[in-house]
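Work through the exercises below with the structure open. Try each task before reading its solution.

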Amino acid sequence: AAVISEFNNVAEVRKRLASAGNTIHFNGVTLKLAGQIALVCQWLLGNHPGTTSLDLEGTELRPDGTRQIACAMAENRTVHTAKIDHDFGLHVSALREGKSVTMINKNLSELDCIFMSELLSRNSMLSSLDLSRSLLNAKKVELLFGGLAQRARTLRRVALVKCQLYDNAVPALCQLCTDSGSLQELDISQNNIERVGAMAILDALANSKNTSLRTLNLCANNFSPEDEDALLEESSSVLTDLDVRVGSTG
């Protein structure tokens, strides 16, 4: 493994990167300057065979820098895991090339979401994305799916089960449903969506000429039995299958 603890001597950094082992750690280095980000991206685009892991935790990456590194990572074929903003590694190879991507029980940061979105949007094989039981919020959903919905043309299914989502995430969910011409199934069961949020999703579907969504799972959200009847009636013209059962699915 190579540890890079300072970025003052660019020639030394290049040397360490060139001779790195299976892992590169940026230990206490702040990656904010354009030249620093460019150097990391240049190294990634070089596809160095021996290095399979990149650790950027604690480097104070900014959103723009994260996007640039993710774009370079999408072209890389040797790095398989990356730490962006947490102590767990994101499975880069799955995000980059996987047909069915499952990453459950993750406490994703906003930078993690930016990184993932950039990689997933360039994955031409992506069919299913399951982030169930991950700690998300409205902003993270927006960062994940804001650009992904339009660019991931093979995406058929998204599962965000038990992700602690509330009605403030509904605008981003509506964008996902209406911007994606390929998405057919959305599972957002066991969250905290209320009737007004669910109605907003159905209304967005009814007014979209682009959506392909046919199955929506809203089971075990914050609905009353009366809400269930109203939502089923509202959905009859826009969905093939809507689950709004009040009880928990386990």
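The exercises go from the whole chain to a sheet, a helix and some salt bridges.

**Exercise 1. The whole chain**

Task: State how many helices and strands the protein has, and describe its extent, burial and surface.

Solution.
- Step 1. Note the source: this is a predicted model.
- Step 2. Take the inventory. The protein has ten helices and eleven strands.
- Step 3. Take the extent. The C-alpha trace spans about 65 × 30 × 30 Å along its principal axes.
- Step 4. Turn to burial. Of the 250 residues, 52% are buried.
- Step 5. Turn to the surface. About 11,200 Å² is exposed, and carbon and sulfur atoms supply 45% of it.
- Step 6. Check the contacts. Take those between residues at least 6 apart in sequence: 76% of them join residues at least 24 apart.

**Exercise 2. The six-stranded sheet**

Task: Give the strand order of the open sheet of six strands, and find its edges.

Solution.
- Step 1. Trace the order. It reads β6-β7-β8-β9-β10-β11, and the pairing is parallel.
- Step 2. Find the edges. Strands β6 (100-102) and β11 (241-243) each pair on one side only, which makes them the edge strands.
- Step 3. Compare directions. With direction ignored, neighbouring strands of this sheet are turned by 0 degrees against each other on average.
- Step 4. Zoom in on one pair. Strand β7 (residues 128-130) runs parallel to β8 (residues 157-159), and three bridges join them.
- Step 5. Pick a facing pair. D130 stands opposite A159 in β8.
- Step 6. Recall the principle. Strands of a sheet pair through backbone hydrogen bonds, either parallel or antiparallel.

**Exercise 3. Helix α3**

Task: Test the length of α3 against the expected span, then list its buried residues and their cover.

Solution.
- Step 1. Work out the expectation. At 1.5 Å a residue, the 13 residues of α3 should span 18 Å.
- Step 2. Compare with the model. The end C-alpha atoms of α3 are 19 Å apart, so the two values agree.
- Step 3. List the buried residues. In α3 these are G65, T66, I69, A70, A72, M73 and A74.
- Step 4. Name the cover. It includes α2 (34-45), β3 (53-55), β4, α4 and α5 (110-120).

**Exercise 4. Salt bridges**

Task: Examine the salt bridges E97 to R77, E118 to R122 and R245 to D243. Which of these residues are buried, and which are partly exposed?

Solution.
- Step 1. Start with the total. The whole structure holds ten salt bridges.
- Step 2. Take E97 and R77. Their closest N and O atoms are 3.3 Å apart. E97 lies in helix α4 (residues 92-97), and R77 in the loop between α3 (63-75) and β4 (81-83), 20 residues apart.
- Step 3. Classify this pair. The cut-off for buried is under 20% and for exposed over 50%. E97 has 39% relative accessible area, so E97 is partly exposed. R77, at 46%, is also partly exposed.
- Step 4. Take E118 and R122. Their N to O distance is 2.7 Å. E118 is buried because its relative accessibility is 10%. R122, at 37%, counts as partly exposed.
- Step 5. Take R245 and D243. Their side chains meet at 2.7 Å, N to O. R245 is partly exposed at 47%, whereas D243 is buried at 16%.
- Step 6. Look for shared partners. R77, R96 and E97 are joined into one network by salt bridges that share partners.

Technical notes
Residues are numbered from 1 along each chain as its sequence is written. This is a predicted model: local features need pLDDT of at least 70, side-chain atom pairs count only at pLDDT 80 or more; totals for chains, interfaces and linings use all residues. Side-chain values use heavy atoms; hydrogens and water are left out. Two strands pair if DSSP finds at least two bridges between them. Helices (H or I, at least four residues) and strands (E, at least two) are DSSP runs, numbered from the N terminus. Axes are lines fitted to C-alpha atoms, for helices over the stretch in contact, and angles run from 0 to 180 degrees between N-to-C directions. A salt bridge is a side-chain nitrogen of Lys or Arg within 4 Å of a carboxyl oxygen of Asp or Glu. Buried means under 20% relative accessible area, exposed over 50%, partly exposed in between (1.4 Å probe, protein chains only). Contact means heavy atoms within 4.5 Å. Accessible areas come from the Shrake-Rupley method with a 1.4 Å probe; for residues, only the protein chains shown count as cover. The expected span of a helix is 1.5 Å times one less than its number of residues.
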